[in-house]
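Visitor: I should like to go through the reasoning behind the labels attached to this model. Please show me the structure, and then let us take the assignments in turn.

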Amino acid sequence: MTQTYRAIVIGGGVVGCSVLYHLAKAGWTDVLLIERAELTAGSTWHAAGGFHTLNGDPNVAALQAYTISLYEELEKMTGQSCGLHLVGGVQMADSPERLDFLRMAHARGRYLGMETELITPSEAKAMFPLMDESHFVGALWDPVEGHLDPSGTTHAYAKAARMLGAQIELRNPVHELTQDPDGTWNVVTQNGTYRAEHVVNAAGLWAREVGRMVGLELPVLAMEHMYLLTEPMPEVIEFNETMGRELIHVIDFKGEIYTRQEGKGILLGTYEQACKPWSPVNTPWDFGQDLLPPDLDRLAPSLEVGFRHFPPYERAGIKQIINGPFTFAPDGNPLVGPVPGLTNYWSACAVMAGFSQGGGVGLVLANWMTEGDPGHDVFGMDVARFGDWATLRYTNAKVRENYSRRFSIRFPNEELPAARPHLTTPLYDLMRAQHAVMGDTWGLETPLWFAPSAEEAHDIHSFHRSNDFAHVGAEVRAVRESVGVTEIANFAKYVVTGPGAEAFLDRLMTNRVPKPGRIVLTPMLNHAGKLIGDFTIARAGPERFQILGSLAATKYHLRWFEQHLPKDGSVQVRALGIELMGLSIAGPKSREVLAALVDEDVSNDAFRFMDYREMDVAGAPCRVNRITYTGDLGYEIWMPPEYQRRVYTAIKDAGAPHGIRDFGMRALLSMRLEKNFPTWFAELRPIYGPVEGAMERFVAWQKPDFIGREAALQERDQGPRLRRVSLIIEADGADAIADEPIWARVPDDPGTVTAPHSYGPPRFDAAGTRQPTPHPSVSGDWRVVGWVTSGGYGHHVGLSLAQGYLPAALATRTDPDLFEVEILGHRRPARIALDPPFDPTGAKMRS
Ligand SMILES: Cc1cc2nc3c(=O)[nH]c(=O)nc-3n(C[C@H](O)[C@H](O)[C@H](O)COP(=O)(O)OP(=O)(O)OC[C@H]3O[C@@H](n4cnc5c(N)ncnc54)[C@H](O)[C@@H]3O)c2cc1C
């Protein structure tokens, strides 16, 4: 009889073995891993084995810290060595911009519990004497970096999993996956068919092919990657003998190089600019434990810099060049979680840094499979963060871009050019003709700001205020003083219909379902009472709702909606994507503009704040919300794409007497800061509760039932640990962006200052539970008490603004000289704005 497992993991690389271990540890011992060849036979066996905690996303960084903290535990449990070398590492800056970048990383580390330190090039040289420090201006030291033995580590995971009862079958390729009507998977292998409730795609180099077995085109691509090993070097041997320890790890941004000691010689790897995808369409099934031919020409430009920055390297003999493939998603982070649209098909692939991330991926996936929730904020690695637009060629272009920028700085105002334009709205060429600088939201081109001429229509990349500042300011002033128009296609739009629609939304959302013709704003919570969404819901009819949310979270939210649909077919949910286009007009004259285009009464009495109407606008059938994210009088107008140019042109004509001006996303975000409005992904994320996020007025506490109610009530009744605040900062040419630490002059630790995504030893206990991090950032009377989630300049109010989280006890303190925000290494005075700096009573949007 065919054996049925709780879960089958496909792939015995470091990731598959970690998933298997974590599933068994979570109590699912009836699990099987199937490997086509031997353990490590994909990209794992030839990895350089380096690991580090730093990652642009603090939530991903926390999981990397967990991964590293796991190795000693695995060794202890199994007796299998992971070959751990925890030597520490430096990132070397060769320019003031790169030093600014390191300053920001260091400042962020203050509230994450990291023990990084900004050091001089000479101090770095003392730990790595093979460098010529004259090429550098500064460095960031991180003690939690090192390298290990890839094979030993993979076998340690596998042994631990087996000790807990999991099984592993080698030399047995999976050929096919089919699903029975009851959801059971048939895993068809060379040795026969196995049945499983869940399948996990951890197929690494073949993840794309294992995706295709179920009709899925995962956005993942393998790249060739080279590192070289030198013969023993006298400089290395001398350092080891005199210092009694190993050389540290070094990242050299300028050379795109990572380097460290290996044996008595050196290992040097590069993320070369002339990078090369491997098997861009199909991965050959007969690819064994093979290396690819080295290509020194591709390495030459990086080596040239390397030889200058590390002069002894030029004299060293090259022992071996490793060239092997490994996989990336378009943004370089893994693809993890339940694949939207499928039942019990899980992704654990595109893990480009398996030895930094493999443990974290295993932990969150096992939590998700066994408990229904990843237990962490994993959006940065969620397989649902890409849409169907992430096609094979899109992925190819973006992965190449990401690879070649692995050690590049991403400036806060930098839009990456590869694969663009990808998705466009009917207004794209009109916007470009008006010198719009475009940005990319979830593959879709959106105007960011408008330049006065084609020559000026680009961003000068900077951590400081840049060339868009004055123009964004003029756009904001036009809206606040008269009227502006902007394209809002980059919102997610859903239609929920059916006799069960009202009950469905009532259970999913914290707020009450609106009456026909009305709008509500509402958070959505998970079962643990954490924020997993923030929506505008308009009731278009008794059984029809139009919902607006974050475009980038479309698949993430759709997956949740679909998981909670009643089984009786009484509710249908559809994401409209770019089937529906949007324009927003805002400002005191916006009503006059709308009135000129419609045949309906749109006076304040007839069309009130938070009303929804369907009406012809300039002769086009539109859906109109009387609400805008500017916090001013304004309207969101939604129409089918074929009408968008018509409506846009009519708005511009009707607005001409009022001096109407186009405005972009940057002006919109500036205006929402002036109103203290939070935004999804920044202020609102699954690590915060609704009271922490200051969203309680959108929670209908009297409702008898909604998902997360019990936990939210507990948060409210016990008092939140943290609280979202708005800050006014005395900035100096650079505004807060996100992740800056907030300092407070408080003699005693308020006791609640650990970031939910904090890391820094000790981080997790043996059960994988996050431990509070002792706070390292104290300076005299001052200590780091919180963090910024977003910031910018409020052009109408003339203030540098930010939002962030503070311990609840400090969140209402308005006394002067109490707070500072650290921006680019400088601590700037800041104060809490309890009321929005613009229109504190909300009279304007209601007028
Ligand atoms: C040159 C080089 C240097 C690197 N250096 C580092 C480094 O320093 N640090 C770091 O963290 N990472 C490094 N990496 C990346 C690291 O190797 C990967 O992150 C890691 O190996 C990914 O592991 P995986 O388990 O996802 O995939 P893989 O190792 O590719 O494992 C997938 C497994 O699935 C099996 N499989 C596939 N299809 C099937 C099927 N149909 N049936 C059964 N089994 C199947 C394969 O045989 C394979 O064993 C490097 C990679 C390369 C190439």
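Visitor: Where does histidine 435 lie, and why is it called partly exposed?

Guide: In this predicted model, histidine 435 sits in the loop between H12 and strand E20 (436–441). Its relative accessibility is 23%. The partly exposed class runs between 20% and 50%, so histidine 435 counts as partly exposed.

Visitor: What is notable about phi of histidine 435?

Guide: Phi of histidine 435 is near 65°, a positive value in a residue other than glycine. Aspartate 817 has a positive phi as well, near 60°, and is likewise a residue other than glycine.

Visitor: Where is aspartate 817, and what makes it exposed or buried?

Guide: Aspartate 817 belongs to the loop between strand E37 (799–807) and strand E38 (819–823). Exposed means over 50% relative accessible area; aspartate 817 has 57% and therefore counts as exposed.

Visitor: Why is serine 279 classed as it is?

Guide: The relative accessibility of serine 279 is 17%. Buried means under 20%, so serine 279 counts as buried. It is found in the loop between strand E16 (277–278) and helix H8 (296–309). Not counting residues up to four places away in sequence, serine 279 touches Arg208 and Pro284.

Visitor: What makes isoleucine 257 buried or exposed, and which residues does it touch?

Guide: Isoleucine 257, in strand E14 (residues 257–262), has 0% relative accessibility and therefore counts as buried. Leaving out residues up to four places away in sequence, it touches Val250, Ile251, Asp252, Leu268, Gly269, Thr270, Ser302, Gly306 and Phe407. The C-alpha atoms of isoleucine 257 and leucine 303 are 8.5 Å apart, with the two positions 46 residues apart along the chain counted as their separation.

Visitor: How do you know that the span of helix H1 agrees with expectation?

Guide: Helix H1 covers residues 14–25, twelve residues in total, which at 1.5 Å a residue should span 16 Å. The end C-alpha atoms of H1 are 16 Å apart, so the two values agree.

Visitor: Why is H1 said to be largely enclosed?

Guide: Eleven of the twelve residues of H1 are buried, so the helix is largely enclosed by the rest of the structure. The buried residues are Val14, Val15, Gly16, Cys17, Ser18, Val19, Leu20, Tyr21, His22, Leu23 and Ala24. After H1 comes glycine 27, whose phi is positive, near 110°.

Visitor: How does H11 compare with the expected helix span?

Guide: H11 has 13 residues and reaches 18 Å from its first C-alpha to its last, close to the 18 Å expected at 1.5 Å a residue. Its buried residues are Tyr394, Thr395, Asn396, Ala397, Lys398, Val399, Glu401, Tyr403 and Ser404. The cover over these buried residues includes E12, strand E15 (265–270), E16, E17 and E20.

Visitor: Which peptide bond is cis, and where is proline 421?

Guide: The bond joining arginine 420 and proline 421 is cis, with omega about -5°. Proline 421 is placed in the loop between helix H11 (392–404) and helix H12 (428–433).

Visitor: Which residues come nearest to the ligand, and what polar contacts are there?

Guide: Of the 38 residues around the ligand, Glu35, Thr44, Gly50, Val351 and Gly354 come nearest. A polar contact requires N or O atoms within 3.5 Å. An N or O atom in the side chain of glutamate 35 is 2.7 Å from an oxygen atom of the ligand. For glycine 50, a backbone N or O atom lies 2.8 Å from a ligand oxygen; for leucine 205, a backbone N or O atom lies 3.2 Å from a ligand oxygen.

Visitor: How much of the ligand does the protein bury?

Guide: Taken alone, the ligand exposes 1,000 Å², and the protein buries 97% of that. The elements giving two or more residues to the shell are H1, strand E12 (221–230), strand E17 (318–328) and helix H10 (354–371).

Visitor: What kinds of residue make up that shell?

Guide: The shell residues divide into 22 nonpolar, 14 polar and two charged.

Definitions and conventions
Residues are numbered from 1 along each chain as its sequence is written. This is a predicted model: local features need pLDDT of at least 70, side-chain atom pairs count only at pLDDT 80 or more; totals for chains, interfaces and linings use all residues. Side-chain values use heavy atoms; hydrogens and water are left out. Helices (H or I, at least four residues) and strands (E, at least two) are DSSP runs, numbered from the N terminus. The expected span of a helix is 1.5 Å times one less than its number of residues. Buried means under 20% relative accessible area, exposed over 50%, partly exposed in between (1.4 Å probe, protein chains only). A residue is near a molecule or strand if one of its heavy atoms lies within 4 Å of it. A polar contact is a pair of N or O atoms within 3.5 Å; within protein, one must be able to donate a hydrogen and the other to accept it, and residues adjacent in sequence count only if both atoms are side-chain atoms. Accessible areas come from the Shrake-Rupley method with a 1.4 Å probe; for residues, only the protein chains shown count as cover. Ala, Val, Leu, Ile, Met, Phe, Trp, Tyr, Cys and Pro count as nonpolar, Asp, Glu, Lys and Arg as charged, and the others, Gly among them, as polar. Contact means heavy atoms within 4.5 Å.
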